[in-house]
Amino acid sequence: MTATTATASAQTRLRGILRLDAFACAGFGLLLAAGAPLAERFLGLEPAWAVPFGVYLLGCAVALGLIAGYPDLVRGQVIGVVANNVLAAAAMAALPFTGLVELTLAGYALMLGGAALVAVFAIAEEAGLKRLEA
């Protein structure tokens, strides 16, 4: 495999991960922003938390889609995505234990599961960036 082929393959894989991340953000963002009453009932996440969090996730989805769609992936943008995901995973993992929100059991599960998923995306995107730079 030539260096150009390896680079193209690494870009294709990283784009796929970024797009999956975008779809996950869009889905969870829509759930929280448009379904705030359901989020409150089933998760215990009040609309004052659910709507801004959902809008943030929708913005992330748009940014991820744009970054994944560039002809050549930009290293600094991917680093920004990884940094955002690391911070988001930490915040989602910590929020249930701060006393700021009174989550249901399902809310705890969704927050902690979401934190784990975001951490996996951060790891996969970081690995993809390293493959791209190799």
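What follows is a short chat about helix 2 and helix 5 in a predicted model.

Trainee: Let's start with helix 2, so which of its residues are buried?

Mentor: Helix 2 runs over residues 36–43, and its buried residues include A36, A39 and L43.

Trainee: And why do they end up on the same side of helix 2?

Mentor: The three cover an arc of only 60 degrees around the axis, and therefore they sit on the same side of helix 2. In general, an α-helix has 3.6 residues a turn, so residues three or four places apart point the same way.

Trainee: What about the other side of helix 2, which residues are exposed there?

Mentor: P37 and R41 are exposed on that other side of helix 2.

Trainee: And what follows helix 2?

Mentor: The residue after helix 2 is G44, which has a positive phi, near 85 degrees.

Trainee: Switching to V118, where is it found, and is it buried or exposed?

Mentor: V118 is found in helix 5, and it counts as buried because its relative accessibility is 15%, which is under the 20% cut-off.

Trainee: Which residues is V118 in contact with, leaving aside its neighbours within four places in sequence?

Mentor: On that basis V118 is in contact with N85, A88, A89 and M92. For N85, the C-alpha to C-alpha distance to V118 is 5.8 Å, although the two are 33 residues apart in sequence.

Trainee: And A127, where does that one lie, and how does it count for accessibility?

Mentor: A127 also lies in helix 5, which spans residues 105–133, and it counts as partly exposed because its relative accessibility is 31%. Its C-alpha atom is separated by 9.8 Å from that of A10, a residue 117 residues apart from A127 along the chain.

Note on methods
Residues are numbered from 1 along each chain as its sequence is written. This is a predicted model: local features need pLDDT of at least 70, side-chain atom pairs count only at pLDDT 80 or more; totals for chains, interfaces and linings use all residues. Side-chain values use heavy atoms; hydrogens and water are left out. Buried means under 20% relative accessible area, exposed over 50%, partly exposed in between (1.4 Å probe, protein chains only). Helices (H or I, at least four residues) and strands (E, at least two) are DSSP runs, numbered from the N terminus. The arc is that of the directions from the helix axis to the C-beta atoms. Contact means heavy atoms within 4.5 Å.
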